[in-house]
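Got the viewer open? Here's a short walk through the model, one selection at a time.

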Amino acid sequence: VDGNAFTEHNILHKDVLIIDRSLSRNFDDLALIIQEGEFKIQRIPFGFSEEEEEFTVWGIITYIIHYAR
């Protein structure tokens with residue numbers, strides 16, 4: 001991750017995200033999404049349906065590895 005734009009999700013500069021694209025989407029999962037041509041991080045809202053939303057789920061974040069230096 002480059003920058004501190006996702007500190008609200010405890011994701012910091014130089015952290016590494018492990019993303020599983022095979023997992024099904026569940027309410028409140030932390031996901032990497034594509035919105036307006038850009039990658040963003042967001043929680044899956046209740047009653048999520050990709051047909052009704054303005055973004056596409058690229059994958060579910062399963063682990064956040066924090067940079068230790």
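## Start at Val1

Select Val1 and show its surroundings: setting aside residues up to four places away in sequence, Val1 touches Phe6, Ile11, Leu12, His13, Lys14, Asp15 and Leu17. You're in the segment before E1 here. With a relative accessible area of 30%, Val1 is partly exposed, since buried would need under 20% and exposed over 50%. Now draw a distance to Phe55: the two C-alpha atoms are separated by 20 Å, with these positions 54 residues apart along the chain. Keep Phe55 in mind, as it turns up again below.

## Zoom out

Before going further, a word on what you're looking at: this is a predicted model. The mean pLDDT of the protein is 90, and 99% of its residues reach 70 or more. Colour by confidence and compare the strands: E1 (residues 16–20) comes out highest with a mean of 97, while E3 (residues 38–43) is lowest at 92.

Switch to cartoon. How many helices and strands are there? You'll find 0 helices and 4 strands, so to speak a plain β-β-β-β when read along the sequence. Along the principal axes, the C-alpha atoms fill a box of roughly 40 × 25 × 20 Å. The radius of gyration is 12 Å, which agrees with the value near 11 Å that a compact globule of 69 residues would have.

Next, try a surface. The protein exposes about 5,000 Å², and carbon and sulfur atoms supply 48% of that. Of the 69 residues, 26% count as buried. If you colour by charge, look for 6 positive and 13 negative charges; their mean positions sit 11 Å apart. A contact map is worth a glance too: among contacts with a separation of 6 or more, 52% are between residues 24 or more positions apart.

## Back to the segment before E1

Two more picks here. Thr7 lies in the segment before E1, and at 43% relative accessibility it counts as partly exposed. Stretch a distance from Thr7 to Thr56 and you get 22 Å between C-alpha atoms, for a pair 49 residues apart along the chain.

Then select Asn10, also found in the segment before E1. What is the phi of Asn10 near? It's near 60°, a positive value in a residue other than glycine. Asn10 counts as partly exposed, at 47% relative accessibility.

## Across E2 and into the loop

Move on to Gln35, in strand E2 (residues 30–35). Is Gln35 buried or exposed? Its relative accessibility is 18%, so Gln35 counts as buried, the cut-off being under 20%. Leaving aside neighbours within four places in sequence, Gln35 is in contact with Lys40, Glu54 and Phe55.

Step one residue along to Glu36 and you're in the loop between E2 and E3. Glu36 counts as exposed, with 74% relative accessibility. Check the backbone while you're there: phi of Glu36 is near 55°, again a positive value in a residue other than glycine.

## The loop after E3

Select Pro45, placed in the loop between E3 and strand E4 (56–65). At 26% relative accessibility, Pro45 counts as partly exposed. Which residues does Pro45 contact, leaving aside its neighbours within four places in sequence? They are Phe27, Glu53 and Phe55. That's Phe55 again, which is also in contact with Gln35. For one more distance, pick Asp28: it sits 17 residues from Pro45 in sequence and 6.1 Å away in space, C-alpha to C-alpha.

## Finish on E4

Last stop: Ile65, found in strand E4. Ile65 is partly exposed, with a relative accessible area of 44%. Not counting residues up to four places away in sequence, Ile65 touches Asp15, Val16 and Ile18. One of these, Asp15, was also on the list of residues that Val1 touches. To close, measure from Ile65 to Phe46: these two are 19 residues apart along the chain, and their C-alpha atoms are separated by 27 Å.

Technical notes:
Residues are numbered from 1 along each chain as its sequence is written. This is a predicted model: local features need pLDDT of at least 70, side-chain atom pairs count only at pLDDT 80 or more; totals for chains, interfaces and linings use all residues. Side-chain values use heavy atoms; hydrogens and water are left out. Helices (H or I, at least four residues) and strands (E, at least two) are DSSP runs, numbered from the N terminus. The radius of gyration is taken over C-alpha atoms; the globule rule is 2.2 Å times the number of residues to the power 0.38. Buried means under 20% relative accessible area, exposed over 50%, partly exposed in between (1.4 Å probe, protein chains only). Contact means heavy atoms within 4.5 Å. Accessible areas come from the Shrake-Rupley method with a 1.4 Å probe; for residues, only the protein chains shown count as cover. Lys and Arg count as positive and Asp and Glu as negative; His and the chain ends are not counted. The place of a charge is taken as NZ of Lys, CZ of Arg, CG of Asp or CD of Glu. pLDDT is the predictor's confidence in each residue, from 0 to 100.
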